[in-house]
Amino acid sequence: MSSLNIVVIGGSAAGPKAAARAKRLDQSANVTLLQKAPEMSMASCGYPYYIGGNFDDRNQLIATPTGVIRNEAFFAAAKGIDARVNTEVTAIDRNNKNVDCVNVITGEKTTLPYDKLVICSGATPRRPPIKGIDLDGVQSLSKMSDSDNLRKLRDSGKVKDVVIVGGGLIGIEVCEALADSGMNVNVVEMLSQLLMFLDWELAKLMEKHVASKGVTVHTENGVAEFIGENGKLTGVKLTDGSIVPCELAVVAIGVVPNVDLAKEAGLNIGAFGGIAVDEHMRTSDSNIYAAGDCVEIPNRITGKMTYAPYGDLANLEARVAANNIIHGDSSTFPGTVNSGICKVFNFSAGSTGMSEKRAKEEGYEVVTATNASLDKPGFMGAKLLVSKMVAEAKTGRILGFQCVGPGEVNRQVAEAAMAVINGNTIYDIGVADLPYAPPFSLAIDHFIATAHILENKMAGLMTGICNVDVKKQIDAGSAPFIMDVRSPIEFEEMRLNVGETLIPLGAVRNSLDKLPKDKNAEIVTFCKISMRGYEAQRMLEANGWTNVKVMEGGIMAWPFKVDFK
C-alpha cells in the first residue's frame, strides 16, 4: 500500500499543526509543508511583546521551548516533514490533485501531487483605500519583517510620534508596546469605543486606563488621509479635520481571509469571505481541508457562521483536520464562543460569548449584572476586577461574560467560557465548586459572585441600574436622588460630584428623614463596588420606598470622570 501524500499550504499556526499532527498519527505519510515567508511556525501573537522589549531575541518567536529554531532542518529531523520556506503555491489543480509552486527567491517552479490537501493560507491585514497609505512610515503588523521594523524603530529612538489606526486587539497591544518605549501615541478608532468585544461602559474603563498612561484616544474618528513629504509620512489627517503629526502609523483595522487560491480552485466561499468548511474542516472538495484564519466556522451559541481569526482556534481546527485525514471522520470542530483577551498596560480585558449589545442584535431577551470586586483577599495582594455577565432572561442561561481590570481577568474569562460552552445557567454557576485558597481567589469567586448578583436581580431582590443610564439622567437634568453610602473618608478621597448625597451605610436607618418624602421617588444607591449599595436598597425598601435602584459596580465601574482629593 502506497504512503499517503499530504500537502499543507501555509506555515504560520494552523499549517505546522496540521502537518505535525498528521505525521504523528501516520509515520508512513509523506507530509510536505509549504510556506511563502522565510520563517515558519511563528508565534505571531507575540509580535507586540517583542516590539515592546519584553524579550530581545527575535528567534524566540520561532523557537521551541528548549530554544531550537523551527526551520526546515528542524521539521525534517524532529518531525519527518518536508518543510519548504520561500515557496508560494500559485495554483491548485483539483482534477489531477496537484499544486503548482514557485520559489520566491530563485523563481524555480515545481508541481507536487497530493492525496489530501490542507489549506492554511491565513489572512491579510486590511488596507483601506486612503490617500497616502503607501507612504514610507505607514505599515501593518502581520509578518516577522513587520515586527522587526517596528522593533528597530523603537530601539532607534528616532520616532517620537506614532498613530495607531484601529482600537482592536492588535492596535491596543501595539499601542502599549510603543508607548512604553517613550513614544507619543495616538489611537484612532472610527467607532465609539475601543475593543468592540466589550460593552461600551467596560470599554470606557479601558479607555480611561489607556489615557492615564499618556496615550491620546480619538474615538468616533477615522483617517481621512496620510500626509507626507518626499514620500515619507509626516502626519495623519482625521475625519474631523484635525491633523496629528507623526513619523509612524500602524494600521490595525482587522484582517481579510486569504482565499484567492481556494476561490480559483472552485472551492466554496462563505458569506464572510472565508473558505466554507464542514464540522470536519473539510471544504467542498472531499480531498481538501482548510483551517485557520482563512476559514469560517460556526458560532456555538447562535449556530450561525462567523469569522474568528484567532491563533488558538487555528491550532484546534488544524488538529481536527489532521485527525480526519488520517482516521476518517473521527473528529469534529463545533465552532467558537469568541473567547479573547488582551493585556493593556497593567490592565487586562477579556470576554467570551456575546456582549449585551450583540445578544440583543441576535434577538435574545437578556438580563445583565455588573460586578466590581476583588480577585483575592486584600491581605494576599488583591486587585480589582470589573465584570459583566449576560444571560437569557427566561432561563438564566449564560450567553456572555466580559471582564476588565488589573486582577486575574484570564481565570475569570476561562471559567465563563466553559460555562457558555456547556450551556450553564446562573444557577449552575451560583453553586459551582471551584478551587479556593486565599492566594488564588475569594471564598466566593468573582465569577460566582457575578452570577449571584444576577440571581438576586432575577429574583426581584435587587433592582440594578447601569451607570450609563444614571449619567444620561444626570445630563438630561432629570437625575434621581443619588445616595452614596460610603464612609466620609472615602467620600473625601474620591467622589462622582454629580449631586450625590452622602449617607454612610451605618447611618441609613437613622437618616431616613434625609430621603425624598415621596416613597415612589427614584433613588439610586452606590458605594465603592455597590455591595453596600445593595444593603442600602434592602433597608430602604423595608421602610417603604418602592423605586430604589443599585448603581451596579459602584464608583469603581464608573466610566466617566471621577474627582480625586
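**Group meeting: helices and salt bridges**

Let's start with helix H12, residues 446-458: at 1.5 Å a residue, its 13 residues should span 18 Å, and the end C-alpha atoms are 19 Å apart, which agrees. Before I go on, please keep in mind that this is a predicted model.

So what is buried in H12? His-446, Phe-447, Ile-448, Ala-449, Thr-450, Ala-451, Ile-453 and Leu-454. The cover over those buried residues includes three strands, S24 (366-374), S25 (384-392) and S26 (398-405), along with helices H10 (409-421) and H11 (426-430). Have a look at the ends as well. At the N-terminal end, Asp-445 acts as the cap, with a side-chain oxygen 3.1 Å from the backbone nitrogen of Phe-447. After the helix comes Gly-460, which has a positive phi, near 85°.

Asp-445 also brings us to the charged residues. Together with Asp-375, Lys-376, Glu-408, Arg-411 and Glu-415, Asp-445 belongs to a network of salt bridges. Within that group, the side chains of Glu-408 and Lys-376 meet at 3.2 Å, N to O. Glu-408 sits in the loop between S26 and H10, and Lys-376 in the loop between S24 and S25, so this pair ties together parts that are 32 residues apart in sequence. Glu-408 is partly exposed, at 34% relative accessibility, whereas Lys-376 is buried, at 7%.

How many salt bridges does the structure hold? There are 36. As a reminder, side chains of opposite charge can pair when their charged atoms come close. I've picked two others to show you.

The first is Glu-201 with Lys-388, at 2.7 Å, N to O. This pair links distant parts of the chain, with Glu-201 in helix H6 and Lys-388 in strand S25, 187 residues apart. Are these partners buried or exposed? Glu-201 is buried, with a relative accessible area of 8%, and Lys-388 is buried too, with 1%.

The second is Arg-538 with Glu-541, whose side chains meet at 3.3 Å, N to O. Here the partners are three residues apart in helix H15 (residues 531-542), and that separates them by about one helical turn. The background will be familiar: an α-helix has 3.6 residues a turn, so residues three or four places apart point the same way. Arg-538 counts as partly exposed at 34% relative accessibility, and Glu-541 as partly exposed at 27%.

Now over to helix H1, residues 14-25. Its twelve residues should span 16 Å at 1.5 Å a residue, and the end C-alpha atoms are 16 Å apart, which agrees. H1 is mostly covered, with nine of its twelve residues buried; among them are Ala-14, Gly-15, Pro-16, Arg-21 and Lys-23. What covers them includes strands S1 (5-9), S2 (30-34) and S7 (116-119), and helices H3 (72-79) and H8 (311-327).

Arg-24 in H1 is partly exposed, with a relative accessible area of 45%. Leaving aside residues up to four places away in sequence, Arg-24 touches Lys-17 and Lys-79. If you like landmarks, the C-alpha atoms of Arg-24 and Arg-358 are separated by 41 Å, with their places 334 residues apart along the chain.

Last stop, the surface. Where is there a nonpolar patch? Met-190, Leu-191 and Met-196 form one, with about 300 Å² of accessible area together. Met-196 belongs to the loop between strand S11 (184-188) and helix H6 (200-212), and Met-196 is partly exposed, at 38% relative accessible area. H6 is also the helix that holds Glu-201, from the pair with Lys-388.

Thanks, everyone. Happy to discuss.

Terms used:
Residues are numbered from 1 along each chain as its sequence is written. This is a predicted model: local features need pLDDT of at least 70, side-chain atom pairs count only at pLDDT 80 or more; totals for chains, interfaces and linings use all residues. Side-chain values use heavy atoms; hydrogens and water are left out. Patches are made of residues with over 30% relative accessible area and no salt bridge: like charges are joined within 9 Å, nonpolar side chains (Val, Leu, Ile, Met, Phe, Trp, Tyr) within 5 Å. Accessible areas come from the Shrake-Rupley method with a 1.4 Å probe; for residues, only the protein chains shown count as cover. A salt bridge is a side-chain nitrogen of Lys or Arg within 4 Å of a carboxyl oxygen of Asp or Glu. Helices (H or I, at least four residues) and strands (E, at least two) are DSSP runs, numbered from the N terminus. Buried means under 20% relative accessible area, exposed over 50%, partly exposed in between (1.4 Å probe, protein chains only). The expected span of a helix is 1.5 Å times one less than its number of residues. Contact means heavy atoms within 4.5 Å. A polar contact is a pair of N or O atoms within 3.5 Å; within protein, one must be able to donate a hydrogen and the other to accept it, and residues adjacent in sequence count only if both atoms are side-chain atoms.
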